[in-house]
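Visitor: I am new to this structure and should be grateful for a close look at a single part of it. Please explain the terms as they arise.

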Amino acid sequence: MTDLVVLPILIPLIAGAVSLVAWRSMVAQRWISIIGTGALLLVSIRLLFAVWDHGILAVTLGDWPAPFGIPLVADLLGAIMVLLAGIMGFAVALYSLATVSRGHERFGYYPLMHILLSGVCGAFLTGDIFNLYVWFEVMLVASFALLTLGGERAQMEGAIKYVTLNLVSSMIFLSAVGIVYGAVGTLNMADLAYKLDQIEDTGVVTVLAMLFMISFGIKAAAFPLFFWLPASYHTPQVAVSALFAGLLTKVGVYALFRFFTLIFDQDVGYTHNILLVAAGLTMITGVLGAAAQFEFRRILSFHIVSQIGYMIMGLALYTPLAIVGGVFYIVHHIIVKTNLFLVSGVAYQLTGSYELKHLGGLYRQAPGLSVLFLIPALSLAGLPPLSGFFGKFMLVRAGLEVESYLIVATALVVGLLTLFSMVKIWGEAFWKAEPEGAYQPNVNAVASGTRWRLPLLYVPIIGLALLTVSIGIGVQPVYELSLDAAEQLLDSSHYIEAVLGEVP
Amino acid sequence: MESVMAYIVGGLYAAAIYLMLRRSIVKLVIGLVILSNAANLLLFTASGMTRGIPPLIPEGMARPEGIVADPLPQALILTAIVIGFGVLAFAVVLIYKAYDVVREDDLDNMKDTDT
């Protein structure tokens, strides 16, 4: 049982190491990437069921007893996130087979992808804040290399901003870890949850909460710390964009959820109010930024920012229903957003451009793709019966229950503007006639001999679209899962008991 | 000793932020180097400084005699230094490559991807 908690970290790590050994053989690396991510997916499904059946699973590494050793803890939120990482990893690995060019493959695309997944899963499962810092760095270094793979001008410019702001965030995190250790002498999350409550000087605790909030806010791309995201996410290979869009910012959101339910719940009136304001502004700036863009992936990047606002809104309202809505929204968002990026990649393969003014006539050229675009796009905007509707519905209802009408109004207006952006893409890329004056498609993108790959591109897109639809239609199981996850988050005694053995 | 270190750490943070606000990408990376060292020193200082008493348990005893230095922050800093070193090696290569591609040291001329 406890192996299940370690395996999601070990499998991608081993897959990465083995693909490094097979550096020269692309065929071997491709097979390893499919097998590795497939195994990760299977293990993450089993982990989720194990956690749902048996409650929180905790392992202490090296058999050092809890507050001293590093624990790996899988509670429901962590297990859900690992499962999503598994799904996205598998989908993107399939998609990579068809899109990633040989040049990128030769410079270690697959090993980096595995190490990124390992870092992401590690961050979801660790129960120690310094260990969390280490997993963040594992994930970041892999993402730096993936982002710059190819070395084009836009990538370099984007990467400098991405690297700088993420390193600043890590340093703030590290400083905060140092101060926490100085203040209470422990780094174990469960132990901290208990010990920080005992500190009489709540000022110190609030200062620490702010440091963590800024650090994770940068990683989650919350207002006003999001500027690195739209500057960089549209520059790398589309498979990389899709993986980043699905997972990286959500690690920051996950950390916010973990810290501001388990550890920093002393002064909710103060800290969560700041989160609420940030959430509202994140939604608005993201969606308005997207409205001003005319490049497929840039529009989607700005929408990541605006959607992050909804998740943080769930955390900030801090009622049971709001947390359920937040968790549900994370699940929905990761699936939908990755899918939209994958669709943009197919559009690029067909036309050779991401610029809306060069796109057009896709509805005639690929009617199936148009349907596959509409499903996640309308889900993102929150139209029933797709998954996004239920996420927004829970959040709005939670907002109405605590009478925060301003944030509810913001959420609804932003939903409408999201629809506007999606319709803009639909109208420009799919509906309008192919632009005159024959834009010369990028030769690399539609080189002869890559046409056979197109069916392979559709497999993950169809799979993720089906997932979106089935979450929308069969919402009950996912709702119950989110409900249980939220219960565990709000009652931290479960977590503390699972890690420390007893509640002190 | 702690108060002296506090000023040093503060000075390093200030220097790092000043350098990072300059427009040159070389100064940006130097700023990052200093920032990472400042964070390590902060970790070292905040967890308490004990002079010259190694945390070793004498033979035949279950626990060390008297107050010893806490080994954990040193382990943390060691990890952080190694990670920081790797990341900074990447950052140096990145700015070299960026300069190679963009032919520009000025961040103000690197905003093609911003708007």
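Guide: The account below takes up one helix of chain A and then turns to its surroundings.

This is a predicted model, in which local features need pLDDT of at least 70 and side-chain atom pairs count only at pLDDT 80 or more, while totals for chains, interfaces and linings use all residues. Residues are numbered from 1 along each chain as its sequence is written, chains are lettered from A and ligands numbered from 1 in the order in which they are written, and side-chain values use heavy atoms, with hydrogens and water left out.

The part chosen is helix H17 of chain A, residues 387-401. Helices (H or I, at least four residues) and strands (E, at least two) are DSSP runs, numbered from the N terminus. The expected span of a helix is 1.5 Å times one less than its number of residues. For the 15 residues of H17(A) this gives 21 Å, and the end C-alpha atoms, 22 Å apart, agree with that value.

Which residues of H17(A) are buried? They are Ser387(A), Gly388(A), Phe390(A), Gly391(A), Lys392(A), Met394(A), Leu395(A), Val396(A), Ala398(A) and Gly399(A). Buried means under 20% relative accessible area, exposed over 50%, and partly exposed in between (1.4 Å probe, protein chains only). These buried residues pack against several helices of chain A, including H13 (296-317), H14, H16 (367-381) and H18 (405-431); contact means heavy atoms within 4.5 Å. Just after H17(A), Glu403(A) takes a positive phi of about 60°.

Two of these neighbouring helices deserve a closer look. In H14, which covers residues 320-351, lies Asn339(A). Asn339(A) counts as buried because its relative accessible area is 0%. Beyond neighbours within four places in sequence, Asn339(A) contacts Pro376(A), Ile461(A), Leu464(A) and Ala465(A).

Thr418(A) belongs to H18. Thr418(A) is likewise buried, since its relative accessible area is 0%. When residues up to four places away in sequence are set aside, Thr418(A) touches Val287(A), His303(A), Gln307(A), Leu380(A) and Ala381(A).

A word on confidence completes the picture. The pLDDT is the predictor's confidence in each residue, from 0 to 100. Chain A averages 89, and 96% of the residues score at least 70. Over residues 443-449 of chain A, however, the pLDDT is below 50, and this stretch has eight contacts in the model beyond near neighbours in sequence. Where pLDDT is low, the predicted coordinates should not be read in detail.
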